[in-house]
Amino acid sequence: MKKITIAIDGHSSTGKSTAAKELAKALNYIYVDTGAMYRAMTYFALKNGFFENDVLNETRLIQSLDDVDLSFEYDQSKEKSIILLNGENVENFIRQMDVANKVSYVAKIPEVRHKLVKIQQKIGEKGGLVMDGRDIGSVVFPEAELKIFMTATANERAKRRFNELKGSSSDLNFDEVLANVQERDLIDSSRETSPLIQTDDAVKLDNTNLTKEEQADVLLKLAMKQI
Ligand code: C5P
């Protein structure tokens, strides 16, 4: 069977990662969560004090890019890939609101994108992967055989994110989560370098009213048509 490249892009909190992971598992493909890479970069910037009074000192981050090594390691027990920042497992830190609130500012920087896109292209050079993000079909793998653009209403997405995070954060507030989802959409779609767009050849999938199972079924059928 042909090993294809599947690009899944779309708005924040549309469930891209879960869907991409399941699809990769069904096809026995590699799954790459590029959002985790931008989040890990943001965690690095926060940890090193590159946000001064909440404003990112872009020069300091750009000057430190050579000190950042990002890689993935498969955790057998959790059946998922873990992101490593300079060898340290940072999974638990990168999903928190402090990172979510800052990540789009880090992801706007062309030098950051250049570095991460190169890593992503290297990981996927042999095909046989599902990669999710914002610019996978437009920039990272413009030749991908299947491109999906996932979306859902902002309210539905914030509801899902809120339910996911509330277990780990006691002072979580729904309006804050909704505002974060909307703000990230706006910054991601309006930035100059690789904005979030639906390419002409992408299949739009609005999952507001779809169950996970229905969505998985649609995705697998679309993939099988290309293989
Ligand atoms: O996918 P996730 O919500 O974890 O991504 C976090 C943020 O990383 C996005 O809001 C976006 O700013 C950035 N991102 C990006 N390009 C990608 C993946 C994520 O700009 N390919």
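**Close-up views of the ligand site and the sheet**

**View 1. Residues around the ligand in the predicted model.** The ligand is surrounded by 16 residues (a residue counts when one of its heavy atoms lies within 4 Å), the closest being Arg39, Arg113, Asp135, Asp188 and Arg191. This is a predicted model, in which local features need pLDDT of at least 70 and side-chain atom pairs count only at pLDDT 80 or more, whereas totals for chains, interfaces and linings use all residues. Residues are numbered from 1 along each chain as its sequence is written, and side-chain values use heavy atoms, with hydrogens and water left out.

**View 2. Polar contacts of the ligand.** With polar contacts taken as pairs of N or O atoms within 3.5 Å, an oxygen atom of the ligand lies 2.7 Å from a side-chain N or O atom of aspartate 188, while polar side-chain atoms of arginine 113 and arginine 134 lie 2.8 Å and 3.0 Å, respectively, from an oxygen atom of the ligand.

**View 3. The open sheet.** Five strands (DSSP runs of E, at least two residues; two strands pair if at least two bridges are found between them) form an open sheet in the order E2-E8-E1-E9-E10, with parallel pairing. Strand E2 (30–33) and strand E10 (203–206) stand at the edges with a single partner strand each, so one side of each has no neighbour in the sheet.

**View 4. Strands E9 and E10.** Strand E9 (residues 146–151) runs parallel to E10 and is joined to it by 4 bridges; phenylalanine 149 has lysine 204 in E10 as its bridge partner.

Notes
Polar contact = N/O pair within 3.5 Å; in protein donor to acceptor, adjacent residues only side chain to side chain.
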